[in-house]
Amino acid sequence: MKDRQSNTPTPPKYFLRFLRWYCREDCIEEIEGDLLEIHSKMHAVSPSRADSRFKWQVVKHFRPAFIKKASIIRPHTSIAMFQNNLKIGWRSLTKQKFYASIKIGGFAFGITACLLMGLFIRQELSYDLHYKEGSQIYRVIRETNFNNELGKGAHFPSPFASALIENFPEIDAVGRYNATGQFGAGGNQVRSEENATSYHEDDIVFVDHDLLNILEVNFIEGNPYNALKTPNTVVITASKRQKYFKNEEAIGRVLFLNNDDSKPYVISGVIDDFEPTSHFQHNFMISLANHDFYNGESSNWQNDNYITYIKVKPATNIKALTSKFASLVKKYFLPPRIASGNAEGIAWVKSFRFKLQPIKDIYLNVDRIRDGGKHGDIRYIWLFSSISIFTLLIACVNFINLSTAKSADRAREVGLRKVVGSQKSSLIFRFLTESILLSTFAFIIGFMLTVLLLPYFNSMLNIELMMPWSIWWFFPSLVCCAILIGIISGIYPSFYLSSFQPIQMLKGKVSNGTKNSTLRNGLVIFQFVISIILIIGTLTVTRQMDFILNKKLGYNKDQVIMLQSTHTLGDRIKVFKQELKKIPQIEAVSITGYLPVAGTSRNNGGWYTPSMTEEDAISGQQWAVDDEYVNTLGLTIIKGRDFSIANPGDTKSLIINESLASALNLDDPIGHQLTNYLGTWTIVGVVKNFHFESLKKEIRPLGIYIRPNNNTVIAKINSSNMQETITAIAKIWKQFSPNQAIRYSFVDQEYAAMYTDVNRTNRILTIFTVMAIVIAGLGLFGLSSYLIEQRGKEISVRLVLGASVKSIFQLLTSNYVKLVLIAFVIATPIAWYMMTLWLQDYVYRIQLGWGIFMGTGLLSIAIALLTITYQSFQAATMKPVDKLRSD
Amino acid sequence: MKGQTLGEFEELVLLVVAAYHNEAYGVLIHEHLEEKLAKKVNISAIHVALRRMEKKGLVTSKYGGITRDRGGRRKKFYIITSAGKKMLDHQYQVRTSFYNQIPKISFG
């Protein structure tokens, strides 16, 4: 490598740069010159030795005598300087309204997304934090490992709680609640003694008095120490008192459940409503004192129906306490199972591992326990927070891209300032001020957008978020964030802009306006990668949702009405059914509480053939239905026959589903016998598998038999005027039950309601995808319009030389299309992996076909073209003379 | 002035500067020193020595004209001052006086 001016060979580049970097100005000429001279003399003899000698000499010169004095960065910005910066920043923003508004718009979008998500996440994370002694409150859960299946549960036997307090002095208090539907909890008709009208209430639960103390409830009426210690008492919340008794005192009054006047429940207390951030949201708490749900229930160690909470003494060692729980297995859980020879049960309890779950962790349910309560999903929190951060990132990238692209305009300003004597640090500060100003504007706009959009956001997701005006650190933290984001996104452009050499400006050489820097391209690719991943995600979720809603379920869910709480009709329910069938639009009616949608009755137990022992029983559902069940739901019998009224022997007949049939391993199950806890049944038919759980699960074994179960009546309707039919049904209902309002819903509605979380995810994803696309599109738009403007001269020359409009168009767009394609190639495997993970939750799912990916690819190219087309077209069709005239 | 000491290496450098009056600069000093001492010297030591001596006032410096060698970088020439010359004389005097006192025997 020879220098063109003289014949001196150039020494190793990086060492020379190193030397120039550290060396003092007053020595550099001498040292560099000497080193260069020695190097060139040696170079003639042996270039490599010359190079290594040079390097060594540079290193040896790195000593205090020659090192620059460290210049302390003193941003000598006084107040006046700061004001000046603001003024100049403001002016530069208004001078380029177009680009400034793109930057601000992108930022504002990103900030809105983050703010909305932030509010949501904040609420989800704030459940159950309000207890004064919350650090001492735990819920007991257990992990089991049975048949190589890991399970987690929160339900324990009735005597478990008292066993805990007996055996462990560290435990101050225990409290249980029982929400089992079969025992009478859950939905019931409630009426007060004075009023004949019953209302349906969903949240009745059986509770130990001590649980109320553990949960730190506040008693407005009644004795907080023993309100629920008497049997057949109930504690209600203030809002329920308002509903039933208006403003009067409720204590001492009586409530009846399901019109059963023989069992009065005396109100012994009224408490404040539970906080909205409490996971425990029940309004009627009935005492568990001396209450056996069936004979011997309260001392039975083989049934698990009670969720159990404990409160420990302060400073208890939780780990130590938990390990002590293992001794309870031997002492209590094992003996009854050994006595009854229940080998499966023995193995199961031996695999118990107890854990204590702090109360603040219950809502977010990291352990994924099914306890029938409302839960947030921590995975969604991760998902949404990462999406919002990425959206903000895209906006920052926009800012960086646009700022560096338009650097040519600033070159003059920077060059001049440097000539007049500005230090690099002040220049950096000046540009940072500008970007902070911009981000502050964006924050203000984003904030206003958030306030505007919050109601829509709330209604779309069925939540109630509020702006936390009252929190003192809310506004200061917003301001800090604005400044922080301004700094983060402004750092790179500031350094870049302030590094311009005055000499280049004087020469008129405008630096990289037209060159496509790799960084800028990389950033555009990054934006599009994120957008493409989001698009694919949204498409997948939407298609899965469609699949769920439209899949053939094996039964007919359309136009099937469910009338609820019909058990209050008592014996008249059969007559009611006959009356209903008289309505012409009704095709079939069935009385049963066991339905294939969530929230209806379930009963799991063992089925075993005469040749099997009870231990080997097949675990499956056992539903009590009536003879018109198959007909009403449109189930398909594939072997044997349906129940029939004519056949009186059907009182012991059983219809099983395909899963149970294959589990039994019989060629023809018809005629065989199966036994469950109620007795022995004869199989008369096999029904095609139908989905009675969510599509996330396999279809499990099921057997149905005729047995009275009255809490719901379903009817298959065939009508073009649904309203008319409903009115007719309501009229009959009023005749039978004048004091209880009719309550009904439709099976397909209930089915859709099972997937509200998917729906919610779908909506949020769609919103974010649209936002991300808009921001990325904006960025591309701004960038391309600027670069096209820069290349105006080049395009004019090309046009003059005879280029066609098409070729100019291609020239301008091809580069960006290439970028989008690269982004597509990068994004596809990532998105595929993520979507496959999500779909694994569902046993029944769509296939991730080529269609989604191809569609997304085409869509993203279309978006890119859309943003560039207008500008490119304009550029390609303009008069060349306009651009060349000013030269 | 009296209290100043001169290191051995510095003295050598100063001698060369004095010997090549008006022509002494980094590389030249380096070449001649290496040749006379017959051992490798790093030029950084020479630069440091020159700088120190300039601070002590034993040499002054001036820049030469711009030439085509050295990539256009000027040479920095060092010229001994009168103080420097006095120092050299003093050193020489001290050494010679001791040397002359060595008995005239064969040291093997």
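**Exercise 1.** In which sense do strand β16 (residues 604-607) of chain A and β17(A) pair, and over how many bridges?

*Solution.* The model is a predicted one. Step 1: β16(A) runs antiparallel to its partner β17(A), and the pairing comprises 4 bridges. Step 2: to fix the register, take A:Asn604, whose bridge partner in β17(A) is A:Gln621.

**Exercise 2.** Describe the pairing of β17(A) with strand β22 (residues 702-706) of chain A, and state how far β17(A) is covered.

*Solution.* Step 1: β17(A) and β22(A) pair in the parallel sense, over 5 bridges. Step 2: one bridge in this pairing joins A:Val625 to A:Ile706 of β22(A). Step 3: β17(A) spans residues 618-625, and 7 of its 8 residues are buried, so the strand is mostly covered.

**Exercise 3.** Is A:Asn676 buried or exposed, and what surrounds this residue?

*Solution.* Step 1: locate A:Asn676 in strand β20 (residues 673-676) of chain A. Step 2: its relative accessibility is 4%. The cut-off for buried is under 20%, so A:Asn676 counts as buried. Step 3: leaving aside residues up to four places away in sequence, A:Asn676 touches A:Gly606, A:Trp607, A:Gln622, A:Trp681 and A:Tyr705. Step 4: a polar atom of the A:Asn676 side chain lies 2.9 Å from the backbone nitrogen of A:Leu678.

**Exercise 4.** Give the strand order of the open sheet of 4 strands in chain A, and identify its edges.

*Solution.* Step 1: the order is β15-β23-β14-β24, with antiparallel pairing. Step 2: β15 (586-591) and β24 (744-746) each have a single partner strand, so they stand at the edges and one side of each lacks a neighbour in the sheet. Step 3: on average, neighbouring strands of this sheet are turned by 20° against each other, direction ignored. Step 4: for the pair β15(A) and β23 (residues 712-717), there are 5 bridges in the antiparallel sense. A:Val589 stands opposite A:Ala715 in β23(A).

**Exercise 5.** Which helices pack on this sheet, and at what angles?

*Solution.* Step 1: helix α18 (residues 573-581) of chain A packs on the sheet and touches β14 (560-564), β15 and β23; its direction makes about 165° with that of β15(A). Step 2: helix α21 (residues 722-736) of chain A also packs on the sheet, touching β14, β15, β23 and β24, and its direction makes about 25° with that of β14(A).

**Exercise 6.** Characterise the packing of helix α2 (residues 25-45) and helix α3 (residues 47-60) of chain A.

*Solution.* Step 1: the axes come within 7 Å and cross at roughly 155°. Step 2: angles over 145 degrees count as roughly antiparallel, and therefore α2(A) and α3(A) are roughly antiparallel to each other. Step 3: the crossing is right-handed. Step 4: the residues of α2(A) in the contact include A:Leu35, A:Ile38 and A:Met42, and those of α3(A) include A:Ala50, A:Phe54 and A:Val58.

**Exercise 7.** Where do A:Ala315 and B:Asn22 lie, and how accessible are these residues?

*Solution.* Step 1: A:Ala315 is in the loop between β12 (306-312) and α9 (318-324) of chain A, and its phi is positive, near 60°. Step 2: with a relative accessible area of 84%, A:Ala315 is exposed. Step 3: B:Asn22 is in the loop between α1 (8-19) and α2 (26-37) of chain B, with a positive phi of about 70°. Step 4: B:Asn22 is partly exposed, at a relative accessible area of 41%.

Definitions and conventions. Residues numbered from 1 in each chain as written. Chains lettered and ligands numbered in written order. Predicted model: local features only at pLDDT ≥ 70, side-chain atom pairs only at ≥ 80, totals over all residues. Heavy atoms only, no water. Buried < 20%, exposed > 50% of the residue type's maximum accessible area, 1.4 Å probe, protein only. Helix = DSSP H or I, 4+ residues; strand = E, 2+ residues; numbered from the N terminus. Pairing = 2+ DSSP bridges. Polar contact = N/O pair within 3.5 Å; in protein donor to acceptor, adjacent residues only side chain to side chain. Contact = heavy atoms within 4.5 Å. Axes fitted to C-alpha atoms, helices over the stretch in contact; angles between N-to-C directions. Parallel < 35°, antiparallel > 145°, perpendicular 65-115°, else oblique. Left-handed = near helix turned anticlockwise from the far one by under 90°.
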